[in-house]
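Biologist: Let us go through this model piece by piece. I will ask, and you reason from the coordinates.

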Amino acid sequence: MTKHILPSREEILFAMSEQPLGQGAEAKVYKIHTNPKFTTRVSLDCPPLNELAQIINETPMIEQKNIFGERNFAQTLAYWKNPENPDQPLLTINLYCPGISIEVQKGGRPKPDAEEALIRTKVLSETILNLPDDAFDKLYDDLHFLSSRKHTIDVGGGLFTNTGNILYSAVDNRMFIIDLQPFLQDHPGINSNQTKGFNTPLYLARGLIPGAYSYRIEHSKDPDLIKYRTEIIHKVISGAERNNLNDVGGYLKGDMDKMLGFWFSQLQVLNIPEKYHNDFLNRIGSVKDKQRYSVAKELLTYVRVTGKDL
């Protein structure tokens, strides 16, 4: 496994004086341009830069065991604790993951009007559709692997996987998953024996459709987008068939019949033409599950900046 030489405190502070790569509901992310293999993810609750400099210069950095090997999920490699809330890190050092977000509405930036967003949505949708099957297979392999490490893609509520947490890299001709969370344990309503978390085709499908959440009303009847979204769903289901991954065993309790009810709801929300429903539901309901990697015996600790308790 590669041993990373982490950036210095000065490099981290310098990066934070520049424009962030992005901002979500929990943190800002800055690329460390003087050490471009890394980023720093900084809590929105961070104190001003001069106070933060004093904290990280006077308190030790804690290295995070890399539980994902050579794979790149923009994972934490080190962090500083928040003196006022030791259970939550103040900032982390992460691997830099290549690519651009396929989210139409970027956190922390003004929301584009519907017409401008429609252009971006169509371009991003076509980009995803033009990716080879191999790109989807790599994404599914990552889902299998994450489940084996008892970690999962992050979601934004309901049946929505945050499209801001999937990056498209033109250089690598593939997609990357970022901003993970460990499996939820002892949580009301969550099956403690889950084996997949949110790493299922149901959640992935929504996460690969640009604008499906932020512009779900404005763009819901655009004929081009309906066509693109139908084709993306087809590619997601085809990937599930090739990679033996179905929706049973995640956070949603129940058998395949119950999962198909969620799929049906999702097809309706996305305005997928009714003539495709039976074929899509029959196909996803027939996927035979086959775990690809041995599962870790215990939940491995993965520290991340978060705006809420897990």
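Biologist: In the hairpin of β11 and β12, which residue in the turn has a positive phi?

Modeller: This is a predicted model. Four residues lie between β11 and β12 in the hairpin. The strands pair in the antiparallel sense over four bridges, and tyrosine 168 has methionine 175 in β12 as its bridge partner. In the turn, a positive phi of about 55° belongs to asparagine 173.

Biologist: Which strands are the edge strands of the open sheet that holds this hairpin?

Modeller: The sheet has three strands in the order β7-β11-β12, with antiparallel pairing. Two bridges join β7 to β11, and in β11 the bridge partner of isoleucine 100 is tyrosine 168. The strands that pair on one side only are β7 (100-101) and β12.

Biologist: Are the residues that point either way from β12 buried or exposed?

Modeller: Arg174 and Phe176 point one way from β12. Met175 and Ile177 point the other way. On both sides the answer is the same: all are buried.

Biologist: Which residues have the most contacts inside the largest nonpolar core?

Modeller: That core has 53 residues. Elements that each supply at least two of them include β11 (166-169), β12 (174-177), α6 (223-243) and α7 (256-269). Another core, of 21 residues, lies apart from it, with Cys46, Ile56, Leu91 and Ile93 among its members. Inside the largest core, the residues with the most contacts are Phe68, Ile177, Leu208, Ile233 and Trp263.

Biologist: What does tryptophan 263 touch, not counting residues up to four places away in sequence?

Modeller: Tryptophan 263 is one of the residues with the most contacts inside the largest core. With those sequence neighbours left out, the residues touched by tryptophan 263 are Pro201, Leu202, Ala205, Ile233, Ile237, Asp247, Leu281 and Ile284.

Biologist: Why do the buried residues of α8 line one face of the helix, and within what arc do they fall?

Modeller: The buried residues in α8 are His277, Phe280, Leu281, Arg283 and Ile284, and they pack against α5, α6 and α7. Asn278 and Asn282 are exposed on the face turned away from the buried side. An α-helix has 3.6 residues a turn, so residues three or four places apart point the same way. Seen down the axis of α8, the buried residues line one face because they fall within an arc of 165°.

Biologist: In the open sheet of six strands, which strands stand at the edges?

Modeller: The order is β1-β2-β3-β6-β5-β4, with antiparallel pairing. Within this sheet, five bridges join β3 (residues 38-43) to β6 (residues 85-95), and the bridge partner of phenylalanine 38 in β6 is leucine 95. The edge strands each have a single partner strand, so one side of each is left without a neighbour in the sheet; they are β1 (22-23) and β4 (62-63).

Biologist: What radius of gyration does the protein chain have, set against that of a compact globule?

Modeller: The secondary structure of the chain comes to eight helices and 13 strands, and buried residues make up 53% of its 310 residues. Of the contacts with a separation of 6 or more, 71% are between residues 24 or more positions apart. The C-alpha atoms fill a box of roughly 65 × 50 × 35 Å along the principal axes. A compact globule with 310 residues would have a radius of gyration near 19 Å, and the value for the protein chain, which agrees, is 20 Å.

Conventions. Residues numbered from 1 in each chain as written. Predicted model: local features only at pLDDT ≥ 70, side-chain atom pairs only at ≥ 80, totals over all residues. Heavy atoms only, no water. Core = buried A, V, L, I, M, F, W, Y, C linked by side-chain atoms within 4.5 Å. Buried < 20%, exposed > 50% of the residue type's maximum accessible area, 1.4 Å probe, protein only. Contact = heavy atoms within 4.5 Å. Pairing = 2+ DSSP bridges. Arc of directions from axis to C-beta. Rg over C-alpha atoms; globule rule 2.2 N^0.38 Å.
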